[in-house]
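Hi,

Here is the structure I promised to pass along. Have a look at it first, and my notes follow below.

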There are 2 protein chains.
Amino acid sequence: MSSDRPTLADVAAAAGVSVSTASLAFSGAGPIAAATRERVIRAAEELDYAGPNPLGRQLRSGKSGIVGVVVGDALRRSFRDPVSVQMLDGLVRTLEPLGLGVLLIPDSGGAEQRGVDPLVETAAMDVAAIIWGGTVENPNLMALRRRGIPTVVVEGQAVDDVAAIGIDDQAGTAELGRHLLELGHRRIATVTLPFNEFGRAGLVDERRSAELSWEITRRRIQGVRDAGIEPVAVWESPASLVEHGTDAGRALLSGPDRPTAILAQSDLLASGVVLAARELGLRVPEDVSVAGFDGLDLPWLAPDQLTSVVQPLAEKGAAVGHAIEALLEGRVPPPVMLPVSLRLGTTTGPPPA
Amino acid sequence: MSSDRPTLADVAAAAGVSVSTASLAFSGAGPIAAATRERVIRAAEELDYAGPNPLGRQLRSGKSGIVGVVVGDALRRSFRDPVSVQMLDGLVRTLEPLGLGVLLIPDSGGAEQRGVDPLVETAAMDVAAIIWGGTVENPNLMALRRRGIPTVVVEGQAVDDVAAIGIDDQAGTAELGRHLLELGHRRIATVTLPFNEFGRAGLVDERRSAELSWEITRRRIQGVRDAGIEPVAVWESPASLVEHGTDAGRALLSGPDRPTAILAQSDLLASGVVLAARELGLRVPEDVSVAGFDGLDLPWLAPDQLTSVVQPLAEKGAAVGHAIEALLEGRVPPPVMLPVSLRLGTTTGPPPA
DNA sequence: GTGAAAGCGCTAACAA
DNA sequence: TTGTTAGCGCTTTCAC
């Protein structure tokens, strides 16, 4: 752990050139004699100099090369959701060739008072992305704007200088709803994502409906209505996790007058519903149809494949990457709404006779 | 997107104080009259100054506050594995109060030539962590050492100035093996993690055995032997994913003389084996016992709970965090080996009569 | 309690 | 093609 590493000045001195020349030898930005560069490189090797200190370069250029990415609440929670992960993967891939790195910023939002992570306030970053919703009043977004850091929001609202990336989930859900109607279903229940940052588990009544503030949940509910469906029951889940889907499925399927189809707002929730149905001795789709949203690959549900609305997660990540690129060039890209597509699986069929 | 934000000098000028005084008003490191600070803060608000530019601070202090974390190959792959994710969560939690942020660095290792991600070479970071194995010849590790960046390696080898965090998987696997022996099993097969960076799917013969270079895989195989078990078959998986476990299970369980127990080196693999068994009409554990490693929560395997060796993932992440803290203080912490514990589930029982 | 001055390591005008 | 000079924004002695 050498305490004082050599600097460009040391290398320049050793090579017998000026610092600026040495700088050129590394950056390649400017004319320099091959022989001179050789000499500098050799001197660097001799001194065990591993290249220009990024801190100096960053201050000079005013750029950190860092993209702050605000991920959903506890990492653990948001990373349990393949939806976040796959999108993040697409994002990182897009950013890599641009020489940008992703700084993970946990979103403390909601649960623990409305504080923002200290990184949002103080970390160096050229641009930021909030990958899970967020309205204008999102504390993270407010803090970032205060710092003048251009930001892109995924599945949120596009406002003035904030870039927005989303999917056409309302239309997708409507299409899924029509599919169920065409199969002949009339008693359709829906299992939703959280209504706001304080998600609950349970049937939604009028009072709870009034507290719906998450856009994504709202749009997908609206899609169902767009299809002309009035759900016989709306069950809210506190998060997009298999176990919450199971809870929902148990509740919705064990009472009398059970629905003939359940439309869940995520594949994880839907798969939980399938498990609950199996547990109750119900056949899917003969006794009950189940559909999801996201188009995930769920090998453990085999031999079933979920009927689902497929969203292009990698492309979504890439779209965020491109938006970031634009913001770095000083442009505010127009909002992007990616298309989704219905994927028919083995979990939906005609209702029981 | 204002192109030129105010600097500390602007604020100082507006407040009618010197830059150094203004600096004190923000850092609080030094004596300053309350009234003066007030004035500075007010001036800052007026100018819409959001606090000292981290770039300047970083250059001055020589610290970036960034921890580079090299995650397994494609993010998508490594994040599909809850093992990485939960550990990362523990790490981020530990780092947050220290004011450190995590920079994600994809590990291009293996597959695509032996290049390292450009971030490893050029990004600013005070310290780094390689969270998935890595021997001394790991290209990332070599690059980091060349840059003089202190590093901690998880599940790797401890060498001179590199800190190491691991778990006692060899002993844990041995304990699991003895559990199977005590139940009466004699025909035991094992499903392993990849043998090296180029993992394969298939039975391991002598030739392949010679290519075993991943320590973690080796230790867990050795643990089985330590228990006095000579596996009737060793099946290598190309990654720790459910579908690979299913492949392994199909292969191992469909032949004649099938094993009465299968010991997998990860829970994801083990759960795939359980699915394959169910698919083949075999009851678990009546017809075949299945055990895993990691101690994950797999709600979709319900009502079964996997017999597994539980490793403390959050603690492991925290241990990495503490090692990082030590490295930042100039100390090289001694290697840490965390204990594991056997968790008996519903997937192991006596062999069929 | 406050200010003046130096400098962290680098790059980019500009001059030679 | 190379060197000189200035300065990115900040913190930190050290005087006062």
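A:Ser308 has A:Arg343 as its bridge partner in E13(A). Please keep in mind that this is a predicted model. The two strands involved, E11 (residues 307-310) of chain A and E13(A), pair in the antiparallel sense over 3 bridges. They belong to an open, mixed sheet of 7 strands in chain A, in the order E7-E8-E6-E9-E10-E11-E13. Strand E7 (202-203) and strand E13 (341-343) are the edge strands, each pairing on one side only.

Two helices are worth a look here. Helix H9 (residues 169-183) of chain A lies across E6, E9, E10, E11 and E13 of that chain, at about 170 degrees to E9(A). Helix H12 (residues 242-254) of chain A lies across E6, E7, E8 and E9 and runs at about 155 degrees to E8(A).

Now to the DNA. Strand C is surrounded by 20 residues, and A:Leu8, A:Ser23, A:Tyr49, A:Arg60 and B:Thr36 are the closest. By class, this surface has 8 nonpolar, 9 polar and 3 charged residues. Helices H2 (19-27) and H4 (54-61) of chain A and of chain B each supply at least two residues to it, with the largest share, 3 residues, coming from H4(A).

Which part of the DNA lies within 4 Å of the protein: sugar or phosphate, or bases? Of those strand C atoms, 64% belong to sugar or phosphate and the rest to bases. Phosphate oxygens of strand C are also found 2.4 Å from a polar backbone atom of A:Leu8, 2.7 Å from one of B:Ala33, and 2.9 Å from a backbone N or O atom of B:Ser18.

Best wishes

How values were computed
Residues are numbered from 1 along each chain as its sequence is written. Chains are lettered from A and ligands numbered from 1 in the order in which they are written. This is a predicted model: local features need pLDDT of at least 70, side-chain atom pairs count only at pLDDT 80 or more; totals for chains, interfaces and linings use all residues. Side-chain values use heavy atoms; hydrogens and water are left out. A residue is near a molecule or strand if one of its heavy atoms lies within 4 Å of it. A polar contact is a pair of N or O atoms within 3.5 Å; within protein, one must be able to donate a hydrogen and the other to accept it, and residues adjacent in sequence count only if both atoms are side-chain atoms. Helices (H or I, at least four residues) and strands (E, at least two) are DSSP runs, numbered from the N terminus. Ala, Val, Leu, Ile, Met, Phe, Trp, Tyr, Cys and Pro count as nonpolar, Asp, Glu, Lys and Arg as charged, and the others, Gly among them, as polar. Two strands pair if DSSP finds at least two bridges between them. Contact means heavy atoms within 4.5 Å. Axes are lines fitted to C-alpha atoms, for helices over the stretch in contact, and angles run from 0 to 180 degrees between N-to-C directions.
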